[in-house]
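Visitor: I'm new to this one and would like a tour. Could you show me how to read its features, one at a time?

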Amino acid sequence: MSSSVPKLDLSPKLNRPLSLWNPFDYLLLLYWVFFFPQALRWYEEKWGSRKSLSDYKTWREKWQFLQQHLQQLQLAIQGIILTLTVPFLITKPLQLFGVHVVWLGVAAGVMFGVLLGVGYGVLFRVWLGVAVGVVVGVTLGVGFGLMYEVGLGTRLGVVTGMLLGVMAGILLAVIFVIRLVDTFVLITEVVAEVVFGVLVEVPFGVGLGVVFGVVFGVVFGVVYGVLFGVVFGLTFIMTVVISILRPENWLLGCLFSWLLKQRKNFISRITIIPLPSVSTLLENWLQEDWQIGIDNLNQILEYSLQFIPVIKALNQAIEKIPNEQLIFSFSQLSEITKDWDLVKYCSASLEDSLKSKALDGFFLLLPAWRRNLKSRLKTDLQMDTFPQAIAAGFWYLHHQNPSRATDAFAKTRSLLYGEEMYVLLAILTILYEAKNVQAIVNINLPNLPSSPYLRPNTWQVINQFQTIITNAQEVEEGTTILRRSTGLNRAIGDLQNIIERGSQETETDKFLPEAERELIINIAKQWKSSLESIATEVGDISITEPISNPYIIGDPVVGQLFIGREDILRELKELWTNAAQVQSVILYGHRRMGKTSILRNINTCLDANIKLAYLNLQSLGEMTQGTSELLMAMSDEISEVLDISAPNDADFSKIKPSQFCILAFLRGTESFSLSLFWVMLSQKSDASAELTFNRFLKKIEKEMTCQSLIIALDEFEILESLIEEKKISTEFMKSLRAWVHMSPKIAFIFAGLHTLEEMSSDYFHPFYVSFSRNILVSFLSKTATNQLLEAPNENFTLQYSTEALEKIYYLTNGQPYLVNLIGFYLIRRFNNYRFNQKKKKDNKLTLEDVETVINANFFKQGRYYFHGIWNQAATYPDGQQEIIKLLAPYQQGLTITELLEKTTFSESEIDPILKSLKRHDVIEEKDNKYTIIVELFRQWVTNEYYVVQEKSG
């Protein structure tokens with residue numbers, strides 16, 4: 001739903017950088033300097049850099065910065081050009097009308113402006129230098145040029161005093177206003193500057209007038225001196241006050257607000273006098289749309305000096321917010337506002353703060369009088385009402401005083417989100433006050449409030465701190481160096497993660513709320529420093545005997561080494577847990593990708609009411625008894641899992657035992673009559689076995705006490721081979737399909753190289769529609785790969801360099817078999833160096849180690865994986881191996897056009913080949929180029945290791 005509140009955009013409407021050659025741009029720049037100085041700051045941030053020349057120490061660094069940010073250099077040049085030209089453009093026409101101009105005075109004023117502008121730009125920011133330089137150059141250039149004619153020429157101290165007073169007043173006032181713009185959203189700074197400008201610079205002008213009057217009196221006489229001093233002082237005071245308050249700007253603002261009252265978007269830029277009706281307008285906006293209203297307040301604070309109406313409107317709007325919405329509204333305010341003083345003055349009194357600042361600036365008061373007057377003012381944060389307490393709580397939180405914030409939110413616990421904020425602040429106070437390891441270890445956090453949360457990300461970080469405390473306790477209480485070192489490394493790593501994630505936030509990508517972000521980052525830094533200080537005490541791990549190789553190659557991985565498949569386990573859990581009907585699933589992926597490991601670890605994610613019976617079809621061997629042998633093996637696994645007796649072997653076949661011998665003898669005979677006899681016997685045996693297994697499934701459905709049963713068949717593509725070898729009948733697939741649909745409590749998971757849709761035989765096609773989910777088992781992520789390498793078990797004592805980890809991931813792309821194989825060879829190399837060759841070697845595996853173990857012997861050992869991929873590419877569609885050979889020499893890949901040029905395939909012929917290779921994670925398309933995904937496989941093909949296979953095959 002769109003909001004009726006207009007969203008203000010008071011920034012300059014300039015969508016291009018200023019041009020050195022456009023005269024209108026110089027007029028615009030001159031307008032900005034005197035009437036819209038906020039635009040200069042905006043221009044530098046938009047077209048230049050948020051960094052300033054003051055951030056660099058040497059002249060060379062400053063010059064390099066300007067060369068890299070040409071728009072800022074150009075802005076400085078344009079400012080100098082204005083400073084040099086405008087005074088002459090003003091005084092020259094006056095000379096033509098008969099006014100005497102002292103050009104030496106004009107030049108002196110201009111040069112002073114240039115020097116001051118350059119100085120400000122170098123010491124602070126370029127835009128400040130431009131503003132100050134132009135103001136000083138124009139004022140002094142014109143003033144000095146006309147001073148003789150207007151002032152000294154008449155020999156009247158009155159006129160001279162007025163002229164000098166105006167010049168000095170304008171200079172100080174305009175520079176003062178520029179200082180306000182530079183602190184555009186810091187309201188307390190603005191208040192201090194205003195008070196200083198009006199109450200400090202005014203007495204300064206009086207004193208300066210006395211000094212000038214005395215000097216003038218000595219030179220020209222007492223009468224002239226008195227007149228000069230009085231006129232200079234009064235003129236200076238009036239000029240400063242008028243230039244700061246800018247009443248003419250206020251009048252224009254009022255006029256435009258009246259003329260353009262339908263638009264309601266004109267804001268005068270440089271007057272601090274509150275414009276009429278602005279406060280009421282802002283209050284209405286805040287009531288209609290709180291978020292857009294706060295954005296509008298930010299715009300007004302950033303591009304005007306109307307901070308008093310802003311504070312007034314905000315407090316009036318807050319008074320009308322229901323109590324149950326207060327904490328949520330202040331939470332939004334703390335995230336949207338660019339000035340935390342908006343929050344502060346919802347608790348403290350702006351009026352009393354202004355009075356206090358005024359008393360500080362009025363130095364003519366005796367200190368005792370000043371203290372007495374200030375003691376009557378309420379400048380501290382108040383907590384008498386809910387809004388005041390909430391505002392104080394958020395303000396103290398942002399200023400990293402969690403104990404005071406806790407006191408504030410203790411008064412609002414009865415409100416919505418009040419208890420959450422109170423407990424959060426109590427926890428942050430505990431974390432903040434833990435300054436050493438012993439204090440961290442002894443922390444006992446209170447129970448967390450129930451969700452939903454106002455600040456879910458903060459609670460996520462609180463949970464991280466709880467884990468860090470546990471790891472710190474492991475450091476303190478661990479009985480071995482390894483346990484203590486592991487706990488320390490985990491704690492420091494988690495703290496570094498909090499620091500980096502919090503510090504890298506941007507306006508569009510925020511993780512921690514603004515109010516507590518700096519507090520949490522500083523807590524993490526303090527804890528990290530404390531834990532790092534005891535790293536020496538924990539000590540290095542000394543390896544005195546060969547390391548037991550933790551990496552598993554070839555066999556399924558179970559336990560801690562099973563890493564990086566949480567997403568697949570989570571998906572399976574969703575399909576099977578608390579489901580009215582458990583679903584059957586196909587798990588597919590190329591060889592040695594970890595499918596069997598997933599099946600062997602499924603039980604870790606399932607509750608006790610879900611049972612899984614696992615059968616690897618490869619374990620059945622020759623299968624002399626056909627379908628009955630397969631179903632007997634399945635029945636045995638199911639009965640063992642469910643603790644239900646399986647049918648007798650004889651029940652799976654009603655033919656005589658002697659007939660099994662005949663079956664074995666007749667299978668494969670070339671005699672038509674004998675083959676027909678074999679078919680009849682085998683069909684009789686298959687039908688009997690399928691009927692027995694069907695009855696068994698119905699029996700276990702009635703008798704099983706668990707919620708559901710999952711039957712896992714690994715190496716599922718073997719079924720196709722068994723059918724082709726006529727060891728089982730094609731009719732078996734119909735029975736298998738029926739069993740898949742038999743019961744809502746029984747499901748199947750088949751693991752293999754292909755989806756059922758890819759099975760080449762027709763009898764698979766009606767079968768695959770029985771499965772709603774095909775789950776691809778692909779490569780490990782980079783994080784999971786590193787975890788597998790760095791923490792294969794709890795007793796692993798070696799470390800990997802960053803370069804080594806990067807290289808392994810580059811070579812394997814996270815292929816789990818290859819990752820384990822590299823790890824296996826690295827441990828073997830380490831043990832050989834340290835204990836066989838007695839050579840000195842650090843406890844860190846390096847890039848050199850990785851590059852050394854990738855040799856011909858490695859490729860020979862990895863042939864089981866490489867040959868598996870190669871042989872799979874020999875299946876339908878034809879031509880896959882040819883494409884792989886073509887791509888192998890090109891590490892950066894080939895485009896489809898380049899592939900077509902190097903083959904005899906047409907575009908229609910090559911398309912299914914590429915799709916098949918992509919589907920099976922052999923190649924990928926990136927930037928319109930096809931590349932081999934696994935670098936080690938590419939090298940294997942490039943070195944023609946497959947030729948060895950072909951010759952031996």
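Guide: Let's begin with ring pairs. Rings of Phe, Tyr and Trp (its six-membered ring) pair if their centres lie within 6.5 Å. Keep in mind that this is a predicted model.

Visitor: Which residues do ring pairs link into a cluster?

Guide: Ring pairs join Tyr817, Phe824, Tyr825, Phe858, Phe859, Tyr865, Phe866, Trp870, Phe937 and Trp940 into a cluster. The count of aromatic pairs comes to 23.

Visitor: How do I describe one such pair?

Guide: A pair of aromatic rings is described by the distance of the centres and the angle of the planes. Take phenylalanine 693 and phenylalanine 696: the centres are 6.4 Å apart with 50° between the planes, and the pair is tilted. Planes under 30 degrees apart would count as stacked, and over 60 as edge-to-face.

Visitor: Why are phenylalanine 693 and phenylalanine 696 separated by about one helical turn?

Guide: Because they are three residues apart in helix α30 (residues 672-703). Phenylalanine 693 is buried, at a relative accessible area of 0%, and phenylalanine 696 is buried too, at 3%.

For a stacked case, go to phenylalanine 716 and phenylalanine 750: their ring centres are 4.3 Å apart and their planes sit at 5°, so the pair is stacked.

Visitor: Where do phenylalanine 716 and phenylalanine 750 lie?

Guide: Phenylalanine 716 is in the loop between β3 (708-714) and α31 (718-724), while phenylalanine 750 is in strand β4 (residues 746-752), so this pair ties together parts 34 residues apart in sequence. Both phenylalanine 716 and phenylalanine 750 are buried.

Visitor: Now the nonpolar core. What's the general idea?

Guide: In soluble globular proteins, nonpolar side chains tend to be buried together. Here, the largest nonpolar core has 116 residues, and the members touching the most others are Trp32, Leu314, Leu431, Phe465 and Trp527. There is also a second, separate core of 85 residues, with Val557, Cys605, Val819 and Ile923 among them.

Visitor: Which residues does leucine 314 touch, leaving out those up to four places away in sequence?

Guide: Leucine 314 touches Leu286, Trp290, Ile294, Leu297, Leu333, Leu342 and Cys346.

Visitor: And which nonpolar residues make a patch on the surface?

Guide: Look at Ile80, Leu84, Met111 and Val118, which make a nonpolar surface patch of about 300 Å². Helices α4 (70-96) and α5 (103-123) each supply at least two residues of that patch. Leucine 84 is in helix α4, and its relative accessible area of 36% makes it partly exposed.

Visitor: Let's turn to charges. How many salt bridges are there?

Guide: The count is 17 salt bridges. The cut-off to remember is a side-chain nitrogen of Lys or Arg within 4 Å of a carboxyl oxygen of Asp or Glu. Aspartate 295 and lysine 7 meet that way, at 3.8 Å from N to O. Aspartate 295 lies in helix α12 (residues 290-303) and lysine 7 in the segment before α1 (23-35), so the salt bridge ties together parts that are 288 residues apart in sequence.

Visitor: Is each partner buried, partly exposed or exposed, and what are the values?

Guide: Aspartate 295 counts as partly exposed at 24% relative accessibility, whereas lysine 7 counts as exposed at 59%.

Visitor: What about glutamate 516 and arginine 455: buried or exposed?

Guide: Both glutamate 516 and arginine 455 are buried. Their closest N and O atoms are 2.7 Å apart in a salt bridge. This pair links distant parts of the chain: glutamate 516 is in helix α24 (residues 514-532), and arginine 455 is in the loop between α21 (437-441) and α22 (456-477), 61 residues apart.

For another salt bridge, try arginine 413 and glutamate 419, 2.9 Å from N to O. Arginine 413 is partly exposed at 36% relative accessibility, and glutamate 419 is partly exposed at 32%. Salt bridges can also form a network, as with Glu514, Arg517 and Glu518.

Visitor: To finish, how many helices and strands does the protein chain have?

Guide: The protein chain has 44 helices and nine strands. Of its 953 residues, 51% count as buried. The chain exposes about 45,800 Å², and carbon and sulfur atoms supply 55% of that.

Methods. Residues numbered from 1 in each chain as written. Predicted model: local features only at pLDDT ≥ 70, side-chain atom pairs only at ≥ 80, totals over all residues. Heavy atoms only, no water. Patch = residues over 30% accessible without salt bridge, like charges linked within 9 Å, V, L, I, M, F, W, Y side chains within 5 Å. Areas by Shrake-Rupley, 256 points an atom, 1.4 Å probe, with all protein chains shown as cover. Helix = DSSP H or I, 4+ residues; strand = E, 2+ residues; numbered from the N terminus. Buried < 20%, exposed > 50% of the residue type's maximum accessible area, 1.4 Å probe, protein only. Core = buried A, V, L, I, M, F, W, Y, C linked by side-chain atoms within 4.5 Å. Contact = heavy atoms within 4.5 Å.
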